[in-house]
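Visitor: I would like to learn how to read helix packing and buried cores in a model. Could you take me through the features one by one?

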Amino acid sequence: MAEDRQNNSNSRRYPQNLQGVLQLAVEAGSAAEGPAPVQPMSEERKAWLREALAEVCKGQMDEVAQMKQCLEVLCKDGTGERERDGEEERDDEDEDERESAFEILSELCENLDNARDLMILGGLELCVSQYLCHAQSGLRWRAAELIASCAQNMPQVQVHLLSIGTLPKLLQLTDSDPHPTVRVKALYAVSCLIREQEEGLQAFLSHDGFSVLMRGMQSDIEKLRTKSAFLLLNLLTSHPEQKDTVVSMGMAQQLVSVLRTPHSPFHEHVLGALCCLVEDCPQGLKDCREPSLGLEELLRQRARELQGKEESQEELDFCEHLRVTCFRGQQSEDNGMDR
C-alpha cells in the first residue's frame, strides 16, 4: 500500500502557477467536506506539497524574468541609429524582434498572475503610450491583442487600463485604422475592457461607443462586422437599460439597413439586437413598425431564404420572433407566411 501511495504521489503533476495552487486548494477543500481525517498529514504528503510550492515559485519567477526580457526589447530605442546608418534590414529585424516579444507576452499573460505582474512592471503603459500608435501595423495590433489578453476577466487590470486612457485609443483604432487586423484586435480589446465592467461601460458610452459599433457593422471587413454586431447584442442583453439610448440614436433604422446588405452570417447578431430593441422598449417597437422601413416584408423574404437551412436555424428563430413581436396584429398575412 505504501508503494502504491508513493507511485500516486510521483504521478501527480505539480501546479505550474498560482492558479494551479488555488485549484489544488479547491480540490483539497472538496475532499475535506467528507469525514475528517483520523490522522494528521503524513510527512510524505508534507514533502510533496513543499516540493510543489517550490516548483510553482520557480516557474513564476522564470516567467517574470521572461516578461522583463520582452519589455527590454520593447523599450529599446534604435531610431536614431537607424536614421544615421540608413539600414532598412536592421529596421526589419528590430520589428521582427518586437513582434516576437509581444507574442511571448500575450502567451504568458493568459495566466492571470502574469497579467497582473505585467501591469506592475509597467508593460501596459508601454503598450498604450508607444505601441497603440506605432507606425508599424504589426506592432499596433499585437499591442491591442496583449491588452485584451491582460484585461479579460481581470477587474484590477481593467480599472488600471481605463485610468490611463486606453479605451478612447482603442475605439479610435477600431473606427479608423487603415489596417483591418488592427481594427479587429482593437475591438476585441474594447470588448475585454467593457463587458461585465461598469466603469468600462460608462467610458464606452461617454466616447460614443455604440456609434463605433454601428460603423463597424457597416464596414467591408467581415470579422469587424461580426464582432461589432456580437458585442452590440451582448451589451443590449446584459444592459437592457441602454436600449433607450441606442434607440434614440436611430439604431433600429440603421440595423434594418444593415440587413438589406447581401446576406452574411453576422446578420444573425443584427436580428438578435433588433429583437432586444423591441422588447420592453416602446420607441424601438414603434421604429421597427414604421411602414417606410419595410421591415415586415424584409423579414418574410429572409425567412423564406433561410427555410430548411439547419445552420441558419437561430437566425430564422430571431427573424420569426421579431416578425411576430412587431406585426402580430396582421393575422391574415401571418397565416400566409406560416404556410
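**Helix packing and the core**

Guide: Helices α8 and α9 are oblique to each other, a word kept for angles outside the classes roughly parallel (under 35 degrees), roughly antiparallel (over 145) and roughly perpendicular (65 to 115). This is a predicted model, in which local features need pLDDT of at least 70 and side-chain atom pairs count only at pLDDT 80 or more, while totals for chains, interfaces and linings use all residues. Residues are numbered from 1 along each chain as its sequence is written, and side-chain values use heavy atoms, leaving out hydrogens and water.

Visitor: At what angle do the axes of α8 and α9 cross, and which residues make the contact?

Guide: Two packed helices are described by the angle between their axes and the distance between the axes. Here the axes of α8 (residues 137–151) and α9 (residues 155–163) cross at roughly 135° and come within 8 Å. Contact (heavy atoms within 4.5 Å) is made by Ile-147, Cys-150 and Ala-151 of α8 with Val-157, Gln-158 and Leu-161 of α9.

Visitor: Which residues of α16 are buried?

Guide: In soluble globular proteins, nonpolar side chains tend to be buried together. In α16 (residues 251–259), the buried residues (under 20% relative accessible area) are Met-251, Ala-252, Leu-255, Val-256, Val-258 and Leu-259. Seen down the axis of α16, they fall within an arc of 155°, taken from the directions from the helix axis to the C-beta atoms, so they line one face of the helix. Elements covering them include α13, α14 and α19.

Notes:
Buried < 20%, exposed > 50% of the residue type's maximum accessible area, 1.4 Å probe, protein only. Helix = DSSP H or I, 4+ residues; strand = E, 2+ residues; numbered from the N terminus. Axes fitted to C-alpha atoms, helices over the stretch in contact; angles between N-to-C directions.
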